[in-house]
Amino acid sequence: MALTNGGLPCKDDQNSSKDVYASVTVRPTKFFNVKATYNYGKYSSNSLAGGTGVGSGKYNPLNRFVVGAWYNDPNGIDLRAEYGVMTSKVDNVKLVDEQGAYFLAAYHLGKWLPMVRWDMYKDHSKYYEGDKLLSRETTTNNYNRILVGLNYQLFKNVTIQFNYHHFFYDKEAKDAIGYDGNNQIQLMGRFAF
């Protein structure tokens, strides 16, 4: 349990309300964990992109719920899955109506870690532009993605990562942006200190 100043991830807290978090993790076996977290708080719509202080502006209610499970054998298979929702309704308008999920499968082969991951994000939130109520369903926030990756542990604290991503967008977003997906290749170094 936690009582915090609150605020959205990567956003400063713009009000004096407190957020309440409740989280529980269960470990039924050595490598298997299940976790659930619920958060209730208030956020300021003035500080969010697209927000114009709809409703109370500074004290909009926000609910978040996340559930996940992972199995991680450091010498074998790594399976992870997570699902989360976040909602805020003010004056019968869903200013925040988002959900996300992912599933990852990987296998530890000495210094190599091949993996595949699917993730999705859906944003059915509404926002005002002047007097006009618009939907975020037409943005690239609404996607599915497949990632195929390969990590190599060069040294104890240095990992080289290669990832290929394929994004594909929901119909509303596809129609609005004019294309149905994109591809991305990443080559990264990760250094732990």
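Visitor: What does "buried" mean here?
Guide: Buried means under 20% relative accessible area. In this predicted model, 32% of the 193 residues in the chain are buried, so each of those residues falls under that cut-off.

Visitor: What makes up the area that the chain exposes?
Guide: About 11,700 Å² is exposed, and carbon and sulfur atoms supply 58% of it.

Visitor: How many helices and strands are there, and what pattern do they follow along the sequence?
Guide: You can find one helix and 12 strands. Reading along the sequence gives β-β-β-β-β-β-β-β-β-β-β-α-β.

Visitor: How far apart in sequence are the residues that touch?
Guide: Contact means heavy atoms within 4.5 Å. Of the contacts with a separation of 6 or more, 43% join residues 24 or more positions apart.

Visitor: Now to the second largest pocket. How much space lies in it, and which residues are closest to its centre?
Guide: The space comes to about 310 Å³. Its lining has 21 residues, with Arg64, Val66, Gly84, Val85 and Met86 closest to the centre.

Visitor: Which strand gives the largest share of that lining?
Guide: That is β6, with five residues. At least two residues each come from β3 (32-43), β4 (60-72), β5 (77-90), β6 (93-107), β7 (112-123) and β10 (143-155).

Visitor: Why does Gly84 count as polar while Val66, Val85 and Met86 count as nonpolar?
Guide: Val and Met are on the nonpolar list, whereas Gly is placed among the polar residues, so the names settle the class. By class, the lining of this pocket holds 12 nonpolar, five polar and four charged residues.

Definitions and conventions:
Residues are numbered from 1 along each chain as its sequence is written. This is a predicted model: local features need pLDDT of at least 70, side-chain atom pairs count only at pLDDT 80 or more; totals for chains, interfaces and linings use all residues. Side-chain values use heavy atoms; hydrogens and water are left out. On a 1 Å grid over the protein atoms alone, a cavity is a set of points where a 1.4 Å probe fits but cannot get out, and a pocket is an open set with protein on both sides within 12 Å along at least five of seven lines; lining residues have an atom within 4 Å of a point. Grid points are joined across faces, edges and corners, and a volume is the space filled by probe spheres set on the points. Helices (H or I, at least four residues) and strands (E, at least two) are DSSP runs, numbered from the N terminus. Buried means under 20% relative accessible area, exposed over 50%, partly exposed in between (1.4 Å probe, protein chains only). Accessible areas come from the Shrake-Rupley method with a 1.4 Å probe; for residues, only the protein chains shown count as cover.
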